[in-house]
Every structure is written in C-alpha cells, then in structure tokens.
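Let's take a walk through a protein together, step by step. Keep the picture at hand and look for each part as we come to it.

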Amino acid sequence: MPVMNIVGLACSVLSFVLLLTGALTDFWVVNFGSDLFHMGLWQNCTKNICFKVTTSGYLNATRGLVILSASLLVFGMIFSCLTFVKFHIGRLSACLASAVLESLSAVFLLIGMSIYTSKTASKVLNSSYNYQWSFYLCWGAEVLLILSGICHFLAHQSTPLPGYESV
C-alpha cells in the first residue's frame, strides 16, 4: 500500500525534524519570574548569557536516549525509503524493518522524555518555571513516531510476501 508508505515516510521525516529541533534548542524549561531563565538539555541561559549544563544523571539519561532515538529513526527512514523499491531480505520487508526501528525509536524517546518530565515536574509545579516549545516539539515527535510505525506496519500487512507463495 503505497499511501501508507508515503504517510509513514512523511511522519518519520517530520518527526526527525521535530526531534532534532527540540533536542538541540534550549527552551525546554523557562522561568518568567524576576530573572528570565531558560534551559535545555545542553545549556542554560540567563539574561542572554549561556553556560553549559552541569552534568546530572537524569540529563545524561535523557540526552543518551534522545540520541539513540534519533539514530534509530535515521535507520528507520532509510528503510522507509527502501519500501518504494520493494526491498526484501528473505521474509523481512523494508516496511517491517522501518516499523520496528521507528517503534523502538518511539520507545526510547518515550523513556527519555518520561525521565526528564519526572525529574523536572516538581520545579514546574512549585515555582514560576514552565515547559516550553522545545519540550513540546519532542513530545510531538513521539506522537509522529508512533504514527509512522503504525503506517509502516499496516503497509507491511498489505504487501504480499516474496517467494513462490505469491505467484
């Protein structure tokens, strides 16, 4: 089903753009109080002066899981492109490989975002800190990853298997 392949590829590419934009920008948490402050995974900024984030366990875990998710998504997009040339390795189709890689990417991103959210929720709930657009871009990437995995799995279900059985 080429429509599902196109929708799956579009969702995975858009998810990759959202994931990279969200992960590389520093507007995950913003304080609109007396001292304007915003922070991301890599740096914190106060009054237009930015400094590297001190390493902490939850930030390292979130960074690692986001990087792993983006890496799996790149391979998923490669297999997604291969679906248009009907690429198969035995009984494994490019659609199925893409669905598995994008689903794994979604799982790792979900774990990373959950770690970050659980560790920063008390700051957000008890002070003038707020989650901002970088944070929400990564959650949007999560939704699109799930959707692209489903589309590629449905495309795999609708394609005949290679071999003598399909003749």
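A good place to begin is the inside. What you see is a predicted model, and its largest nonpolar core has 28 residues. Leu19, Trp28, Leu109 and Tyr116 are the ones with the most contacts inside this core. Which elements give two or more residues to it? They are helix 1, strand 2, helix 2 (57-82), helix 3 (94-126), strand 7 (129-131) and helix 4 (133-158). Helix 2 supplies the largest share, with 6 residues.

Now pick out Leu19, one of the residues with the most contacts inside the core. Setting aside its neighbours within four places in sequence, Leu19 is in contact with Val66, Ser69, Ala70, Leu73, Leu109, Cys138 and Ala141. Notice that Leu109, another of the residues with the most contacts inside the core, is among these partners.

Next, find Thr62, which lies in helix 2. Is Thr62 buried or exposed? Its relative accessible area is 0%, so Thr62 counts as buried. If we leave out residues up to four places away in sequence, Thr62 touches Leu41, Gly112, Ile115 and Tyr116. You have met Tyr116 already, as one of the core residues with the most contacts.

Let's turn to the strands. Strand 2 (residues 37-39) pairs with strand 3 (residues 43-46) in the antiparallel sense, over 3 bridges. Across this pairing, Met39 stands opposite Asn44 in strand 3. The two strands, 2 and 3, make a hairpin, with 3 residues between them.

Strand 3 has a second partner to trace: strand 4 (residues 49-52) runs antiparallel to strand 3, and 4 bridges join the two. Here Gln43 stands opposite Lys52 in strand 4. Strand 3 and strand 4 also form a hairpin, this time with 2 residues between them. Look in that turn for Lys47, which has a positive phi of about 50°. As you follow the strands, keep a general rule in mind: in a regular strand, side chains alternate between the two faces of the sheet.

Finally, let's visit the surface. Where can you find Leu20? Leu20 is in helix 1 (residues 2-24). With a relative accessibility of 35%, Leu20 counts as partly exposed, because that class lies between the 20% and 50% cut-offs. Leu20 joins Leu24, Trp42 and Ile67 in a nonpolar patch on the surface. Together, these four residues have about 380 Å² of accessible area.

Terms used
Residues are numbered from 1 along each chain as its sequence is written. This is a predicted model: local features need pLDDT of at least 70, side-chain atom pairs count only at pLDDT 80 or more; totals for chains, interfaces and linings use all residues. Side-chain values use heavy atoms; hydrogens and water are left out. Patches are made of residues with over 30% relative accessible area and no salt bridge: like charges are joined within 9 Å, nonpolar side chains (Val, Leu, Ile, Met, Phe, Trp, Tyr) within 5 Å. Accessible areas come from the Shrake-Rupley method with a 1.4 Å probe; for residues, only the protein chains shown count as cover. A salt bridge is a side-chain nitrogen of Lys or Arg within 4 Å of a carboxyl oxygen of Asp or Glu. Helices (H or I, at least four residues) and strands (E, at least two) are DSSP runs, numbered from the N terminus. Buried means under 20% relative accessible area, exposed over 50%, partly exposed in between (1.4 Å probe, protein chains only). Two strands pair if DSSP finds at least two bridges between them. A nonpolar core is a set of buried Ala, Val, Leu, Ile, Met, Phe, Trp, Tyr and Cys residues joined through side-chain atoms within 4.5 Å. Contact means heavy atoms within 4.5 Å.
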